[in-house]
Amino acid sequence: AGILFVIWCLGFGILSNACFSAEEGPIICNGDKIEYLDDNKKLVGSGNINLSYGDVNIKADKVEVNLATKEAFASGNVIMKQGVNIFKAENVLYNFVEKKGRIVNATMQAPPWYGKCDQIDKTGDKGYVLGTGYISTCDRMPPHYSIRTKQVKMYLDDRVEAKNAVIYTGHVPIMYMPIYTHSMKSKKPNISVVPGHSKEWGYYNLSDFRYRL
């Protein structure tokens, strides 16, 4: 059975259930094994770790939480959720107060966008900067089409911005764009690719593209 461990920031002691408070309420940590290291004000946990604060939830094999800075480092099968958005990673460094952090070797599900990259920097409550990798509105792995670039800025529930982007169909590059912007509020896809075959054309990819000036 897991252990729910709560530690009060104001120093009222350690309870059987514990959390440490922040602006949006307590940060709650539970797992199979949790230790509180009083000398350096650190919380260390392992086995089915679950950290939650506001709309952010982190699950991992191991976690270290600095109680002074409210910064957590999670490693091993990490799953970080914010609302309907899911990030799976090798490890995550996250500050619960500043709402900033770094997600390493990550796959992303932020409908209608999906992607994979070497690193994601969380720059604020709903701001993310994706490193080298790809994004796509296709949820297959690998996707039918993708936009590959060295950096993508994503603002949840708002827009996606990419520079020096190359559009791929499968593994074949088909278009280069110096700047690409897509509104996450629009349900219309910017790119549509329909493969097929006919006697007249042979094998083909029918495609259309909408560009926001």
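## Strands β6 and β7

In this predicted model, N50 has K59 in β7 as its bridge partner. That pair belongs to a longer run of contacts: β6 and strand β7, the latter covering residues 56–66, are antiparallel and joined by 10 bridges.

The turn of this hairpin is also worth a look. Two residues lie between β6 and β7, and G54 there adopts a positive phi near 60°.

## Strands β5 and β6

Now follow β6 to its other partner. Strand β5 (residues 33–37) pairs with β6 (residues 42–53) through five bridges, again in the antiparallel sense. To find this pairing on your screen, start at I34, whose bridge partner in β6 is G45.

Which residue of the β5 and β6 hairpin takes a positive phi? Here K41 does so, with a value near 50°, in a hairpin that has four residues between its strands. So β6 pairs with β5 and with β7, by the rule that two strands count as paired when at least two bridges are found between them.

## Strands β11, β13 and β14

Further along the chain, strand β13 (residues 133–136) takes part in two antiparallel pairings. With strand β11, residues 113–122, β13 shares four bridges. With strand β14, which spans residues 145–149, β13 shares three bridges.

Y134 is a handy residue to click on here. What stands opposite Y134 on the β11 side? K116 does, while in β14 the bridge partner of Y134 is R148. Tracing from K116 to Y134 and on to R148 therefore takes you through both pairings of β13, each of which meets the minimum of two bridges.

Note on methods:
Residues numbered from 1 in each chain as written. Predicted model: local features only at pLDDT ≥ 70, side-chain atom pairs only at ≥ 80, totals over all residues. Heavy atoms only, no water.
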